[in-house]
Amino acid sequence: MIGIDIGGTNTRIGLFPSLDAPVYALLAKFPTQQDYEQQLQHIGQVLQEQGIRDATGIGVSIAARVAKDGQTVIFAPNLPGYIDKPFVSKLSALCAAPVRMAHDPVCGLLAEARFGVLRTVERCAYLTVSTGTGAAIQLGKADTRLVSSIEIGHQILDGNTRACLCGMTGCLETYTGGRQLELRYGQPVEHITDSAFWETFAEKLAIGLVNLAQLTRIEVVAVSGAIALNTPSLLPALQTKINQFLLSSQLKLRLAKLGETAPLAGAALLLALPESSVLH
Ligand SMILES: [Zn+2]
């Protein structure tokens, strides 16, 4: 199985000998091409150079919202050149293999539910705190589960007058999205040392997660993404805020066990999953 993780910045291609473990050989890592045709050619070239023929399947994790049929990208602030392009059918034709594609938090969730901190949890979520703030939720037992991409970063926070890059006003992501914050503060978020900034960051994200937990009754969230992984103090601060908000229920945060591997491993897992268990 081939797993491909197409991020807003980098693309990684991994070869998974089996789906029984998140163990893979990294075939390539390269900057994501903004031109989708060039990206397709680059992926095809890597697989050809590595001697990968007759791949049993290719799973793609992409930093973009995917259409209901799983065939195209419909919303991608970081990959605008991919919108409405026949990515799945073209890649499938190019590599002569079946291709499945999903939003990257969906893939992250699949990997953490199979190998990581979400095993045995029936109601859970996977949160990416990175260039954007994305999430997916899973409801149901392993054999009957439904995994859905959600727009956690674009929920409206009361009193928030900030304009979001998505075009709406008041989104959570105006406080937590790496790209928006870098534009606002002129430096990468991880470089900001002002404790008041991080206090606000944690509080706004906690509100977003509490709203999600109250609406869906999820119990555990696997947290990943560059900002979360590079800011060790964020998770405990978030958990403290959440505990202050929630009185009659619990929401536990767990650092994603697979780290940056989760979307790649989850992409490969997509291939073994019934299409009906993923809502794009
Ligand atoms: Zn927004």
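**Exercise 1. Find how S11 and S12 run relative to each other, parallel or antiparallel, and how many bridges join them.**

Start with the pair itself: S11 and S12 are parallel and joined by four bridges. Strands here are DSSP runs (E, at least two residues), and helices are H or I runs of at least four residues, both numbered from the N terminus. Two strands count as paired if DSSP finds at least two bridges between them.

Next, pick out partners. Val221 has Leu253 of S12 as its bridge partner, and Val223 has Leu255 of S12.

Before going on, a word on the model: it is predicted, so local features need pLDDT of at least 70 and side-chain atom pairs count only at pLDDT 80 or more, while totals for chains, interfaces and linings use all residues. Residues are numbered from 1 along each chain as its sequence is written.

**Exercise 2. Place S11 in its sheet: which strands make up the order, and which sit at the edges?**

Step one: the sheet is open, has six strands with mixed pairing, and reads S12-S11-S8-S9-S10-S13.

Step two: the edge strands are S12 (252-255) and S13, each pairing on one side only.

Step three: look at the S8 side of S11. Strand S8 (residues 123-129) pairs with S11 in the parallel sense over five bridges, and Cys124 stands opposite Val220 in S11.

**Exercise 3. Work out which residues cover each face of S11, and whether they are buried or exposed.**

A handy rule first: in a regular strand, side chains alternate between the two faces of the sheet.

Now apply the cut-offs. A residue is buried if 20 or more other C-beta atoms lie within 10 Å of its own, exposed if 12 or fewer, and partly exposed in between, with C-beta atoms placed from the backbone.

On one side you get Val220, Ala222 and Ser224, on the other Val221 and Val223, and all are buried. Five of the five residues of S11 are buried, so the strand is largely enclosed by the rest of the structure.

**Exercise 4. Explain why Ile218 counts as buried, and say which residues it touches.**

Locate Ile218: it's in the loop between helix H6 (195-216) and strand S11 (220-224).

Count neighbours: Ile218 is called buried because it has 22 C-beta neighbours inside 10 Å.

List contacts (C-beta atoms, placed from the backbone, within 7 Å). Leaving out residues up to four places away in sequence, Ile218 touches Arg123, Cys124, Ala125, Ile137, Leu212 and Ala213. The C-alpha atoms of Ile218 and Arg123 are separated by 4.5 Å, although the two are 95 residues apart along the chain.

**Exercise 5. Check the span of H3, then see what H3 and Leu110 do in the core and at the domain contact.**

Span: the expected value is 1.5 Å times one less than the number of residues. For the 12 residues of H3 that should give 16 Å, and the end C-alpha atoms are 16 Å apart, so the two agree.

Burial: 12 of the 12 residues of H3 are buried.

Core: a nonpolar core is a set of buried Ala, Val, Leu, Ile, Met, Phe, Trp, Tyr and Cys residues joined through C-beta atoms within 7 Å. The largest one has 83 residues, and Leu110, Ala125, Ala136 and Val221 have the most contacts inside it. Leu110 touches Val147, Gly266, Leu269 and Leu270, not counting residues up to four places away in sequence.

Domains: an automatic or database assignment sets the bounds, giving domain 1 (2-106 + 261-279) and domain 2 (119-255). Their contact takes 12 residues from domain 1 and 14 from domain 2. H3 (104-115) and S13 (278-279) each supply at least two residues of the domain 1 side, with the largest share, three residues, coming from H3.

Notes: Contact = placed C-beta atoms within 7 Å.
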